[in-house]
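Open the model in your viewer and keep the selection panel at hand. The tour goes from stop to stop, naming what to select and what is found there.

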Amino acid sequence: MAKIQDLLSEVLLAGDEVVSGATVQPHANFNADADAVLLIRAVETKGIDEHTIIDILTQRSNAQRQDIAFAFEKRSKKKMEDVLNGALKDPLKAVILGLMKTPAVYDALEMKKAMKGLGTTEVTLIEILCSRSNKEIAEMRKAYQEVHKKNMIKDIKEDTSGDFSKLLCVLAEGTRPEPTNVEDHELIDSDAKALDEAAKQKKGMDTAKWISILTERSVPHLRRVFQRYNVYSPKNISESIKSDISKDLRCNLLALVQCIQSTPEFFADKLSPIVKNDLKRDILTRIMVSRCEIDLLPIRKEFKKKTGKSLYQCIKAAYKDDYERVLLALCGGDD
């Protein structure tokens, strides 16, 4: 019997990718129907059993949660997200409903929210677009069209302007070249020199050249370009952006460069205000939900390196009750 169970677990894991940097992995002994029964009981009990909801949904992969939602609706004749939406309260609700969305739909909703109403949340747009792969961006655009009945790139153009809009639109195309084993040393040198020359223009930095190079080259190539840049400039790449780029584009190019250099470090920086209890809850929720099945372990490592504190302990110090419980579960342990 044990051998059969082991075999079933292997079959499950073969169909649901295990990611080494993730804190939330596919559950080996997964049974969607059994989980659905427990969750129906948790929402129907007097007072709502939040602990059961948290414990189940933070220990299942996104694909497994979709199976649970199907089994839940089959048994109860109600959509699981609708039931959870009515049963839970924020901030726990925002996390749980985020976990129930597919990554593409979740990103599409966050993009729309950042462009909705008065003012645009630029940091959210650049965070999402500079940290997603070509495949993730393509799936996000498709989900955006399906959910909002609108073209995501068209919405970006209508809601933003200038060089920032050009940068976002190119990133939203998701056409960055994929990494290869071939290093083009001549192009690396040429790109580094071109960036330096564009930064030294008398009439101000040639931002179009910077946007072109930073969005039309593969990530490994650009890392080598950044190293080579120091041959031509006394400043490193980030220092050049800080001193030579106009304010409206500066923080966005810095975010893009940092994400190219190290995505975990980029997110560790975004989480660091939690040390002083100064991190916006929606940012924390979005990062924990979107990165827990990708690279939250290396993000935790970079966070500890930067702040001297563990993300787990910072969450414990800053939050309480069910929101603390669900975040700690997604965090996956102390460092």
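Buried means under 20% relative accessible area, exposed means over 50%, and partly exposed is what falls in between. Keep in mind throughout that this is a predicted model.

**Stop 1: a salt bridge within one helix**

Select K166 and D163. Their side chains form a salt bridge, with 3.9 Å from N to O. Both residues sit in helix α11 (residues 162–173), and because they are three residues apart there, about one helical turn separates them. An α-helix has 3.6 residues a turn, so residues three or four places apart point the same way. Colour the two by accessibility: D163 has a relative accessible area of 22% and therefore counts as partly exposed, while K166, at 52%, is exposed.

**Stop 2: a second surface pair**

Go to K79 and E73. Here too the side chains meet in a salt bridge, 3.9 Å from N to O. K79 is partly exposed at 47% relative accessible area, and E73 is partly exposed at 35%.

**Stop 3: a buried salt bridge**

Now select R286 and E110. How far apart are the closest N and O atoms of this salt bridge? The distance is 3.2 Å. The pair connects distant parts of the chain: R286 belongs to helix α18 (residues 281–291) and E110 to helix α7 (residues 103–115), with the two positions 176 residues apart. Are R286 and E110 buried or exposed? R286 has 2% relative accessibility and so counts as buried; E110, at 7%, is buried as well.

Extend the selection to K113, E127 and K270. Through shared salt-bridge partners, these residues join E110 and R286 in one network. Over the whole structure, the search finds 23 salt bridges.

**Stop 4: aromatic pairs**

There are three aromatic pairs in the model. One of them is F266 with F267, an edge-to-face pair whose ring centres are 5.1 Å apart and whose planes make an angle of 75 degrees. F266 is buried, with 5% relative accessible area, and F267 is buried at 0%.

Move on to Y319 and Y323. This pair is also edge-to-face, at 5.1 Å centre to centre and 85 degrees between the planes. Both tyrosines are buried.

**Stop 5: helix α20**

Select residues 311–318, which make up helix α20, and show L311, C314, I315 and A318, which are buried. Look down the helix axis: the buried residues fall within an arc of 100 degrees, so they line one face of α20. Then show the surroundings. The buried residues of α20 pack against α17 (263–271), α18, α19 (296–307) and α21 (321–331).

**Stop 6: a loop aspartate**

Finish at D295, in the loop between α18 and α19. Is this residue buried or exposed? Its relative accessibility is 8%, so D295 counts as buried. Show the side chain of R291 next: the side chain of D295 makes a polar contact with it, at 2.9 Å. Beyond its neighbours within four places in sequence, D295 is in contact with G21, T263 and P264. Add these three residues to the view to complete the surroundings of D295 for this last stop.

Definitions and conventions: Residues are numbered from 1 along each chain as its sequence is written. This is a predicted model: local features need pLDDT of at least 70, side-chain atom pairs count only at pLDDT 80 or more; totals for chains, interfaces and linings use all residues. Side-chain values use heavy atoms; hydrogens and water are left out. Rings of Phe, Tyr and Trp (its six-membered ring) pair if their centres lie within 6.5 Å; planes under 30 degrees apart count as stacked, over 60 as edge-to-face and the rest as tilted. Buried means under 20% relative accessible area, exposed over 50%, partly exposed in between (1.4 Å probe, protein chains only). A salt bridge is a side-chain nitrogen of Lys or Arg within 4 Å of a carboxyl oxygen of Asp or Glu. Helices (H or I, at least four residues) and strands (E, at least two) are DSSP runs, numbered from the N terminus. The arc is that of the directions from the helix axis to the C-beta atoms. Contact means heavy atoms within 4.5 Å. A polar contact is a pair of N or O atoms within 3.5 Å; within protein, one must be able to donate a hydrogen and the other to accept it, and residues adjacent in sequence count only if both atoms are side-chain atoms.
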